[in-house]
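Here's a quick tour of one structure, going from cysteines to helices and then to a couple of buried side chains. Have the viewer open as you read.

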Amino acid sequence: MAALRVVTGGDHWFSALALGVTFLKCLLIPTYSRTLLFQRFSVIFTDALFVYAVHECCKCIDGKKASKEVTEKPKFILSVLLLWNFGLLIVDHIHFQYNGFLFGLMLLSIARLFQKRHLEGAFLFAVLLHFKHIYLYVAPAYGIYLLRSFCFTANKPDGSIRWNSFSFVRVTSLVLIVFLVSALSLGPFLALNQLPQIFSRLFPFKRGLCHAYWAPNFWALYNALDKVLSVIGLQLKLLDPKKIPKASMTSGLVQQFQHTVLPSVTPLATLICTLIAIVPSILCLWFKPQGPRGFLRSVILCALSSFMFGWHVHEKAILLAILPMSLLSVGKAGDASIFLILTTTGHYSLFPLLFTTPELPIKILLMLSFTIYSVSSLKTLFRKEKPFFNWMETFYLLGLGPLEVCCELVFPFTSWKLKYPFLPLLLTSVYCAVGITYAWFKLYLSVLTDPPVYKTKKQ
């Protein structure tokens, strides 16, 4: 506890939260073999960076309107939403990966940009990018924001750029940071002539449009529509059964496949769709600046747009949008509503990662606990605002319950289990894709309609 107080600056409640979630992670270690102990505790140890990043993000939250009760303060709520995040907990500490310290680097870089420590934020993101290339999703937001808010040192009263305020020194500093980090990371591979091997593994286009379990994005809806149209076409005898590939998309294999009715999708097509989806948020960041908060929204939209339209997206990539969205959720009621829809749907889409019977009650109880806390705490924080959900949104979110009962309790005892083994995954993917698409659209609408923040910069 004393060590945590040093890291967190003496916030007793934050230390208790961090210690509590660390204890829970220890309890989730399934057995005590030496290999598992090393793996699990190495994940917990590297999570120290994530804890520190969360503490720094809490410093960026405006607490002027905070309640006197500690548990109702935005900083406390944000700490719980990040430290006890259900998705990160199961992906790292049950499914087993090292995402905690990577998200720690990401959140710390965001915090540094909020604190106007731009060079430090750029350095942290450059390091993060060389740890895992999935963070290329949000690189456009970082690049445009640093160019707009750091390399140009002044704005006009109407918010437009003073072009003569461009700082060559600042641009050079950013370029040097990126170059040095890249040289240290890729230099040895370049010296050994292994860069082609690196890039062939970073961008495995031969793995197909979707993963074995479809990520709940636009392509899941596209695949499902193609399957429905093929079934209708066969029933109406409009398609030749001999020319239809059997269960290519639902075989559970990681490979390329062809659609039956709709046009097949190529990597280039997904790249174009992703760029088209990202461009409006980037243009808003440039022409309609809203400060660090606008940058954060752009980061989330870049992450969500890449998740929605990217090639061979993994379901775990939804955390790239959920965790940064936590920072927005404690600022405005509208953002809190979007956060709750995105988080609940996105977290449920991770359920197939834990597929054994003993894991079923664990994942249900953990998600229920996190979801109930998220809804109740944010409702308390915005008690004077209108309800978070309309009837349609409420009906959709409540529908996750019957979906889970059907997939986990009913389907295994039906005759369909042998004939359609992929059906529960398909239903989960498509149902969650609807909610994530809705949250993406709703967030985009708020970004496009919010007024710019006109402020003359003095740096």
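## Cysteines

Let's start with Cys-284: its relative accessible area is 14%, so it counts as buried. Keep in mind that this is a predicted model.

Cys-58 is buried too, at 4% relative accessibility. Is there a bonding partner in reach, and which cysteine sulfur is closest to that of Cys-58? The closest one belongs to Cys-57, and at 7.1 Å it's too far for a bond. Across the whole structure, the search turns up 0 disulfides.

## Two helices, end to end

Helix α13 covers residues 291-309. With 19 residues at 1.5 Å each, it should span 27 Å, and the C-alpha atoms at its ends are indeed 27 Å apart, so the two agree. Is α13 enclosed or not? Of its 19 residues, 16 are buried, so the rest of the structure largely encloses it.

Helix α16 takes in residues 359-381, 23 residues in total. From first C-alpha to last it reaches 33 Å, close to the expected 33 Å. Its buried residues include Leu-360, Leu-366, Met-367, Phe-370, Val-375 and Leu-378. The charged-looking names Glu-359 and Lys-363 are on that buried list as well, along with Thr-371, Ser-374 and Ser-377.

## Where α17 meets α20

Helix α17 (residues 391-398) and helix α20 (residues 423-449) have axes that come within 11 Å of each other and cross at roughly 145°. The crossing is left-handed. Sorted by type, the contact residues come out as 7 nonpolar, 1 polar and 2 charged.

On the α17 side you'll find Met-392, Glu-393, Phe-395 and Tyr-396. They meet Tyr-431, Cys-432, Val-434, Gly-435, Tyr-438 and Lys-442 of α20.

## Glu-393 up close

Glu-393 sits in α17, and at 5% relative accessibility it counts as buried. What does Glu-393 touch, leaving out residues up to four places away in sequence? The list is Ser-337, Ile-341, Phe-388, Tyr-438 and Lys-442. Two of those, Tyr-438 and Lys-442, are the α20 residues named in the helix contact above.

## Leu-320 and its neighbours

Leu-320 is part of helix α14, residues 319-329. Its relative accessible area is 2%, so it's buried.

Ignoring neighbours within four places in sequence, Leu-320 contacts Phe-103, Met-106, Ile-134, Tyr-135, Tyr-137 and Ala-303. Ala-303 is 17 residues away along the chain, with 6.1 Å between its C-alpha and that of Leu-320.

Definitions and conventions:
Residues numbered from 1 in each chain as written. Predicted model: local features only at pLDDT ≥ 70, side-chain atom pairs only at ≥ 80, totals over all residues. Heavy atoms only, no water. Helix = DSSP H or I, 4+ residues; strand = E, 2+ residues; numbered from the N terminus. Expected span 1.5 Å × (residues − 1). Buried < 20%, exposed > 50% of the residue type's maximum accessible area, 1.4 Å probe, protein only. Axes fitted to C-alpha atoms, helices over the stretch in contact; angles between N-to-C directions. Left-handed = near helix turned anticlockwise from the far one by under 90°. Contact = heavy atoms within 4.5 Å. Nonpolar A, V, L, I, M, F, W, Y, C, P; charged D, E, K, R; others polar. Disulfide = S-S within 2.5 Å.
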